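Reader: I have a model open on my screen and would like to go through it with you piece by piece. Could you take my questions as they come?

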Amino acid sequence: MGKDAHSTELGEFLKARRGDLAPADVGLPTDGQHRRVLGLRREEVAQLASISVQYYTRVEQGRLQASAPVLNTLADVLRLDDDQRIYLLELAGREAPRRRRPRAQKVRPQTLRLLDMLNAPAIILGRRMDILAWNPLAAALLTDFSQLTEKQRNYARLVFSDSEMRRRYMNWEKVAPDCVAFLRMEAARHPDDPQLSELVGELSIRDPHFRQWWAAHNVAAQTTGVKMLRHPLVGELTLDWETLACATDPDQQIVVWTAAPDTPSHESLAFLASWVTTHSPEEWGDRGAAGVSSPEPAQEEGESAEPGQH
């Protein structure tokens, strides 16, 4: 997204968020009459933010770049959470200077060693939810990533496009919209990423649910949550997932799945881990494409775009 697209998205985001609120939610009286507009009216948002209706209208229409204090006031009025507030500020260019176009990502050997040492399913996600590396237990839990092309190794793409992954997630209706919200946040951080635009376009054409959730303009950061899976070998699993940020690259995150002690899911996960050790690495992807670069349209001189193993 360029500057104009960011202005349009900011306006659509504000419109969607005021549509989520009723007058009673923000302490405004209701006259009991039928309202033609879902949620708050523009004049009501302006009143609560102590700005003129004309000023707010121009902001929502993308014709005026609001200051950071005004945007923070609007975030308070619209009851935005922390992720949504960051997204609003980044769309307006108020959170950080304009970033350079993202370069190809590589996983550091030290991070790969950490991945190997984890006695739990774990993957490393990069920008746009690209799967940069994984351990054998993650391959056994989800899919054999080594059998996928580099383009296919994208978490959001798999959730929406891979029929087996879709069946495996018992709470797909929660997992899938979360992926969309993560991608929305990514779009604000990297507005000029052509591969992200391509991914969003592809999934919008492919899946009506994706189109619906993308149009809702919900945003979220990847932090923690619960996933429920139906595994063909060990049955149903309820797993907590947690993200660990890579200190050397804030656009890389280690995602780890664990089960609470003394639960059936913990026992099943332990059995799966034991099962993996008795089967060949070729069957479950060994360490997968650990250390390969994510695909990028251009490489720096001297860099290789060819995938490698470690």
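Reader: Is R127 buried or exposed?
Author: R127 is buried in this predicted model, with a relative accessible area of 4%; buried means under 20% relative accessible area, exposed over 50%, and partly exposed in between, using a 1.4 Å probe and protein chains only.

Reader: And which residue forms a salt bridge with R127?
Author: R127 pairs with D251, and the closest N and O atoms are 3.8 Å apart, where a salt bridge is a side-chain nitrogen of Lys or Arg within 4 Å of a carboxyl oxygen of Asp or Glu. D251 counts as partly exposed, at 22% relative accessibility.

Reader: What does the pair tie together?
Author: R127 sits in the loop between β1 (122–125) and β2 (131–134) while D251 belongs to strand β5, so the pair links parts that are 124 residues apart in sequence. Helices (H or I, at least four residues) and strands (E, at least two) are DSSP runs, numbered from the N terminus.

Reader: Before I go on, how are residues numbered, and what do the values leave out?
Author: Residues are numbered from 1 along each chain as its sequence is written, and side-chain values use heavy atoms, with hydrogens and water left out. Since this is a predicted model, local features need pLDDT of at least 70 and side-chain atom pairs count only at pLDDT 80 or more, whereas totals for chains, interfaces and linings use all residues.

Reader: How many salt bridges are there by that rule?
Author: The count comes to 16 salt bridges. Two of them involve E164, which meets R167 at 3.0 Å, N to O, and also meets R168 at 3.0 Å, N to O.

Reader: Where do R167 and E164 lie?
Author: R167 and E164 are three residues apart in helix α9 (residues 163–168), so about one helical turn separates them, and R168 and E164, four residues apart in α9, are likewise separated by about one helical turn. As for accessibility, R167 is exposed with a relative accessible area of 52%, E164 is partly exposed at 30%, and R168 is buried at 8%.

Reader: Changing topic, what does β4 join up with?
Author: Strand β4 (residues 235–246) runs antiparallel to strand β3 (residues 224–231), with eight bridges between them, and it also runs antiparallel to β5 (residues 249–258), with seven bridges; two strands pair if DSSP finds at least two bridges between them. A hairpin of three residues connects β3 to β4, and β4 and β5 form a hairpin with two residues between them.

Reader: Which residues stand opposite W241?
Author: In β3, G225 stands opposite W241 of β4, and in β5 the bridge partner of W241 is W257. Elsewhere along the pairing of β3 with β4, R230 has E236 as its bridge partner.

Reader: W257 caught my eye; which residues touch the most other members of the largest nonpolar core?
Author: W257 is one of them, along with I123, L142, Y155, V159, F160 and Y169, in a core of 50 residues. A nonpolar core is a set of buried Ala, Val, Leu, Ile, Met, Phe, Trp, Tyr and Cys residues joined through side-chain atoms within 4.5 Å. Helix α10 (residues 172–189) gives the most to this core, with nine residues.

Reader: And what is Y169 in contact with?
Author: Leaving aside neighbours within four places in sequence, Y169 is in contact (heavy atoms within 4.5 Å) with L142, Y155, V159, V175, K227, M228, L229 and W257. Apart from that core lies another, of 28 residues, including L14, V70, L88 and A188.

Reader: Last one: where is the pLDDT lowest and highest among the elements?
Author: Helix α14 (residues 281–284) has the lowest mean pLDDT, 52, and helix α8 (residues 155–161) the highest, 97; pLDDT is the predictor's confidence in each residue, from 0 to 100. Over residues 285–310 the pLDDT is below 50, and this stretch has 64 contacts in the model beyond near neighbours in sequence. Where pLDDT is low, the predicted coordinates should not be read in detail.
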